[in-house]
Amino acid sequence: MDDDAEQQHLTAAPGYALGQLAKAFTTALTHEDADTRRRAEGRAQRWRAVLTGMAGGWLTIGSRTPVAGLPAWVTPEVVRGGFATGAPSAGGPLQPYEVRLAERFGVPADRRALFAHCLTETGLTWLWGQLNSGRYEVTVPEEGALLTMAWLVRHGETAAALDLVAELEPFAGQLRFLPRPSTGRPASDGTAALHRRTVDDTVDRLVRRRPNAAVEAQREALAVWQPFGDELLAHWLETVGGADGRVLELAPDEAWLERGAALLSRYRLLAEEHTRCGKHRKPKGNLGILRGALEETVAGRELDARRLGLLRHAVASMVRRRGLPGSPAHTELRRAQRVQAALPSHHALAQVTLRRLAVLPQESGIVDLTPVLAPVSAPEERETGVPAGAQLPPVIHRVVQGALSAPVDVLVERGVVPSAEVLAELVPQLVAVTSARAYDDQALRTLMATNYRAFRNRRSLLLLDLERQVRIEELPWVRAVAAQRGDGSAEAALVLRQLGELAVRGFPGTILPNPLVRELGVLARQSGLGAPLVEELAADIFMNAFGPKFLVAAGIAGELLGGSLYERYYGIDYAAIGELAIAEAAGRSDKTRTSPGFARLCAERAGAASSAPAGPKSGASQGSWVAENGKVIEQSQILTTHNLATLVHRVGIAPEQGWADLARRCFVTVCRLTGRVHRNPRPYATIKDAAYAWRQLVFHLSLCPPAEQRRVLAGLDEETGRHPFHVAARLAPALAGLRLVVDGGGFGPDGTADSGRARRLLGWTTDGHWLASDPTDPTSQGS
């Protein structure tokens with residue numbers, strides 16, 4: 001069996017699906033939460049469908065057309081790991097909106113009947129009305145197909161409309177091609193303002209928040225039980241001489257006993273009403289001792305020596321800790337505690353916030369957060385009982401800020417977008433707007449933007465043999481209006497540069513996540529800049545081959561970095577890579593799907609890297625074929641700079657704060673990640689991310705003049721001093737290696753220099769990584 005076939009067997013075998021089915025089944029049977037059990041049952045059903053389809057031969061996992069009889073453009077239902085279940089996302093039982101439309105149109109509740117009706121004059125008129133109003137939703141791309149057909153008919157593109165109908169018709173009874181009528185705001189082609197969550201999402205998050213049991217118990221203790229304890233203490237102090245807790249009089253008069261009985265009666269009422277705090281019930285607590293002794297005394301029973309001793313100790317300790325009730329210190333303490341107890345709870349303030357959100361459009365973000373986050377007003381106090389002037393707590397601020405609608409760079413600066421992964425979730429909104437603006441007609445622009453956003457919800461398939469995911473241009477209804485697109489290359493190039501700068505500036509120590517790379521890739525194709533962007537490959541499904549664009553990207557990196565610190569640090573011969581790129585380009589045809597020369601180069605470099613001295617071994621998993629694949633993939637990222645060189649050299653990004661600042665911020669990320677390695681039983685994922693951040697540091701530093709490189713290096717020790725001592729100890733070899741190369745030196749073939757005190761930092765290894773060595777344990781130090 002050849003390597004590719006073996007890899008396919010490992011990836012597409014049913015073992016993974018069986019494991020996922022077992023997990024879902026176990027959760028569905030044993031989880032304490034009913035909603036969780038219900039969701040797990042749904043997952044189990046989908047995984048059973050995967051296994052049934054694989055066993056029956058009508059599911060081909062790893063293909064871009066995994067479901068027999070369905071073309072690639074049909075949106076498949078995909079579960080974890082990229083496995084298709086065999087069901088189309090636009091299939092299944094009729095949706096409620098389809099049933100309502102069938103009743104309205106007077107046709108059978110059947111998708112084929114609905115499809116046929118939309119080809120009549122009455123149906124077309126309804127579709128044109130949807131286009132005009134914009135009051136529709138497209139949740140899966142197929143729901144925009146008949147709207148596109150109607151647009152073509154209205155604009156005289158009859159032949160294109162007929163061709164589209166012919167391609168859709170075989171699936172008319174199976175898939176829903178009608179849009180969802182909406183009573184909300186009209187669909188639009190979007191604006192430059194984006195939001196991470198809608199108002200409705202924010203409301204849902206606040207509604208799910210419940211009162212904090214611990215906080216409410218503390219509030220009850222301050223407001224109820226401490227004042228009652230003071231009364232109980234004061235009652236016992238009537239029998240005490242001085243403040244030493246000595247009980248002098250154990251034959252109290254009738255008045256004292258009556259007041260004691262009243263206290264006990266009130267205690268029972270308080271205990272029935274206030275049940276959050278249970279500290280008062282503890283018989284060994286001071287309040288429990290005082291109450292128990294009072295119950296005995298009021299009942300006419302004499303206290304034994306043990307109980308009397310406990311009573312004296314409790315009284316004395318309470319007076320010693322807080323002072324006598326009524327004393328200045330005790331009065332001030334209780335006043336401060338009453339103020340704290342009177343503060344409105346987070347739950348009550350969340351209810352105020354919900355009232356404010358209820359009057360806003362629910363399906364969009366919030367442009368101005370000020371009125372939503374303002375202190376409680378006097379009218380709100382009258383309506384809710386929450387005191388005027390009360391401030392919303394930070395936890396509510398964070399929830400509400402997630403709905404801020406603003407330009408994406410503002411969202412990054414304000415921390416609403418905290419990571420490159422979250423940025424990748426938002427970018428499709430902006431790319432949809434940019435892509436749609438190439439259409440002149442407003443209705444078509446709105447439709448295509450809506451269609452794009454729905455398409456980006458399509459989950460990626462597990463693909464083998466270097467097949468690529470379906471692109472939006474392959475959808476028949478998008479293809480049908482391709483001639484209506486104008487030249488949007490200039491705007492695509494502008495947005496690509498802005499987003500590229502934002503990602504690199506906002507998250508300099510993080511590689512671009514694949515969802516973001518895909519969105520930037522759409523803009524790159526539309527811009528015509530010749531900017532190939534490459535995804536991070538998964539080590540567990542790597543097929544020992546790279547597409548041609550990897551070599552092209554490495555060639556672009558060579559144009560930018562030839563002779564640079566980056567080339568010297570990683571031991572790259574970019575001139576040779578340039579020659580290889582020219583040679584492969586000359587012999588490449590349109591059907592070429594791989595770059596064998598680039599794959600060979602990465603494998604050779606990974607083999608050379610593996611000869612470096614290793615630290616302590618930490619488990620057989622690091623010697624697995626997955627780690628071997630990871631080393632090869634890492635070399636591809638090193639050679640291509642994983643898109644950084646393409647963004648700089650082809651797209652033209654130039655972050656305003658400069659490359660030196662980005663290098664320093666990369667090192668902060670390196671230190672933070674290295675700090676997580678200490679005593680981590682599974683440190684290798686963290687080490688990999690630290691090495692990726694280090695690579696980006698070297699790239700940014702390489703774009704600085706030599707004098708600035710040395711200034712940056714001089715300040716890195718100060719940064720390690722802000723972290724635990726083991727961070728500096730672990731990073732010392734890496735810093736020594738970087739300084740060595742900056743000063744003109746270099747590493748040996750094994751990636752070390754200066755008798756191993758200077759090392760090149762890489763992420764993947766099949767042996768124990770030297771960065772995992774514990775500097776507090778001399779026996780674990782690598783050679």
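User: Is His642 buried or exposed?
Analyst: Keep in mind that we're looking at a predicted model. His642 has a relative accessible area of 1%, and anything under 20% goes down as buried. So the word for His642 is buried.

User: Where does His642 sit along the chain?
Analyst: Look for helices α29 and α30, covering 625-640 and 644-651. His642 falls in the stretch that links them. That makes its place the loop between α29 and α30.

User: Which residues does His642 touch, leaving out those up to four places away in sequence?
Analyst: A contact needs heavy atoms within 4.5 Å. With the sequence neighbours set aside, the list for His642 is Ile511, Leu512, Val534, Glu535, Glu536, Gln637 and Arg695.

User: Okay, on to Leu565: which helix is it in, and is it buried or exposed?
Analyst: Leu565 belongs to α26, which spans residues 565-569. Its relative accessibility is 2%, and the cut-off for buried is under 20%. So for Leu565 the answer is helix α26, and buried.

User: What distance separates the C-alpha atoms of Leu565 and Pro706?
Analyst: Along the chain, Leu565 and Pro706 are 141 residues apart. In space, though, the gap between their C-alpha atoms is 9.0 Å.

User: What share of the protein's 783 residues count as buried?
Analyst: We've met two of them already: His642 is buried, and Leu565 is too. Over the 783 residues of the protein, the buried share is 49%.

Notes. Residues are numbered from 1 along each chain as its sequence is written. This is a predicted model: local features need pLDDT of at least 70, side-chain atom pairs count only at pLDDT 80 or more; totals for chains, interfaces and linings use all residues. Side-chain values use heavy atoms; hydrogens and water are left out. Buried means under 20% relative accessible area, exposed over 50%, partly exposed in between (1.4 Å probe, protein chains only). Helices (H or I, at least four residues) and strands (E, at least two) are DSSP runs, numbered from the N terminus.
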